[in-house]
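This report is meant for a reader who is meeting the structure for the first time. Please keep the model in view while reading, and turn to each named part as it comes up.

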Amino acid sequence: MRDFSVRPEIRDFSPYTPGLTIERIKELYGLDTVIKLASNENPLGVSPVVRKVLAQHAARVFRYPENHSPRLVEAIARAVGVPSECVVAGNGSDEIIDMLFRIRAVPGKSNVICYEHSFSMYRMCAKLSGVEYREVPRGAAFELPLDAMAEAADENTIMVFVTSPDNPTGQAASAEDLSVLAGVLPPDCLLVVDEAYIDFVWPPESYTPVQAFDRFENLVVLRTFSKAYGLAGLRVGYGLMPAQVAAHMKNSRIPFTVNLLAEEAALAALDDDTFYNETLATVMRGREFFLNELPRIGCRVWPSQANFVMFEPPMPARQVFESLLERGFIVRPLASFGLGEYIRVNMGTDAENRAFFAALAEVLDG
Ligand SMILES: *Cc1c(COP(=O)(O)O)cnc(C)c1O
């Protein structure tokens, strides 16, 4: 067999590890019902409004969508209060991360700053673009090390990534601290705040820098329809960024990456306050429940501003993960984040949350 050449950094890639699928676990363990609390998806599933819209637009999918999703971009700009020239819609916010690297990387010269135990996409994209990945350590309580990130940046730093609320620790940076960080970064460096879970913080004005978007010159904010809006499988997210960066991104990208159904669904989801508010209420209720109940059965749990919590069980996390799988519950072991002793679990419906606790208590008892 031939061995085709690839760049050296591609040869030793560690692939992205997604959560396990329900179908796979049913098959493996011979189970009828499996509850997945592993990928931070929406506890209420798909909004009925979105379902209807998808059915209505199914007959149009032989057409190409509009390039750059201008209707969605306008709707997002209106909803979040930023100029539409600053909005780029993408095939999930993952596409925006990828494009940021593509348009800014100088292979062999540029670097980016992230912190330990962060979302693997930043490292993956850095590697793929030949960009040095600098990782700043975190303290014992997993504080977001914003000061250390600023110190690690130099004239070749193109981006600093902060996930807020953070995946998987659930911590959020304050809008104030993010604003300070933006102000001290080198002139060619963007502050990228990944707000995949921003919908779940309370109160929002204490956390998101978007409310003062016009005061920043170097801020990029990433958001997604995958979590609070329940559209993970359709792949749609967006970035808010300086107009000049957005223009370069649009000029250089592959066309039509947001498909026609995804755009219609996202437009409908943005207007669907009922589903959105019910999602938030369900998540907040579940989060209270998890934060209260986990310590009662001997687990150490970290405070969370997201739709998941991270906890340390009183026995090996891998064993807890396997035993939960046998009982039909998929959670996320965090070894791939460099946190082998911890588990991340997202909030499901009230009934799923109760069932999960009964199963976990049984596992820890056994
Ligand atoms: C889920 C998630 C995203 C969203 O990814 P999409 O590509 O929009 O589905 C982005 N960043 C983090 C940290 C996430 O956990």
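## Division into domains

Into which domains is the protein divided? The model, which is a predicted one, is divided into domain 1, made of residues 8-46 + 274-365, and domain 2, which covers residues 62-270. Domain 1 is thus written as two stretches of the chain, whereas domain 2 is written as one. Between the C-alpha centres of domain 1 and domain 2 there is a distance of 25 Å, and the contact between them draws on 31 residues from domain 1 and 29 residues from domain 2.

## The interface between the domains

The size of an interface is often given as the accessible area lost when the parts come together. For domain 1 and domain 2 this buried area is about 2,600 Å², and carbon and sulfur atoms give 64% of it. On the side of domain 1, three residues stand out, since Tyr276, Gln305 and Phe337 supply 25% of the area that this domain buries against domain 2, more than any other three residues.

What kinds of polar link are found across the interface, salt bridges or polar contacts? The rule finds zero salt bridges between domain 1 and domain 2, while ten residue pairs, both members at pLDDT 80 or more, are in polar contact. Three elements, α1 (8-11), α11 (273-296) and β10 (308-312), each supply at least two residues of the side of domain 1 that touches domain 2. Of that side, the largest share comes from α11, with seven residues. Sorted by type, the residues of domain 1 that touch domain 2 comprise 17 nonpolar, nine polar and five charged ones.

## Tyr276 at the interface

Tyr276, which is one of the three residues named above for their part in the buried area, has its place in helix α11. Which residues does Tyr276 touch, leaving aside its neighbours within four places in sequence? Tyr276 is in contact with Asp199, Ala228 and Tyr229. With one of these, Asp199, the side chain of Tyr276 also forms a polar contact of 2.6 Å. Tyr276 can be set beside Phe357 as well: the two residues are 81 residues apart in sequence, and their C-alpha atoms are 25 Å apart in space.

## A sheet of four strands

The strand β10, already met at the interface, also belongs to an open sheet of four strands, in which the order is β9-β10-β13-β12 and the pairing is antiparallel. The edges of this sheet are formed by β9 (300-301) and β12 (332-333), each of which pairs on one side only. Further in, β10 pairs with β13 (residues 343-346) in the antiparallel sense over four bridges, and Met310 stands opposite Arg344 of β13.

## Backbone details in the loops

Where in the chain do cis peptide bonds precede Pro168 and Pro203? The bond from Asn167 to Pro168 is cis, with omega near 15 degrees, and Pro168 is placed in the loop between β5 (157-163) and α8 (175-184). The bond from Trp202 to Pro203 is likewise cis, with omega near -5 degrees, and Pro203 is found in the loop between β6 (190-194) and β7 (219-224).

A further backbone detail concerns Asn40, which has a positive phi of about 60 degrees although it is not a glycine. Asn40 lies in the loop between β1 (35-36) and α3 (48-57).

Conventions:
Residues numbered from 1 in each chain as written. Predicted model: local features only at pLDDT ≥ 70, side-chain atom pairs only at ≥ 80, totals over all residues. Heavy atoms only, no water. Domains from an automatic or database assignment. Contact = heavy atoms within 4.5 Å. Buried area = accessible area lost by both parts, 1.4 Å probe. Salt bridge = Lys/Arg side-chain N within 4 Å of Asp/Glu carboxyl O. Polar contact = N/O pair within 3.5 Å; in protein donor to acceptor, adjacent residues only side chain to side chain. Nonpolar A, V, L, I, M, F, W, Y, C, P; charged D, E, K, R; others polar. Pairing = 2+ DSSP bridges.
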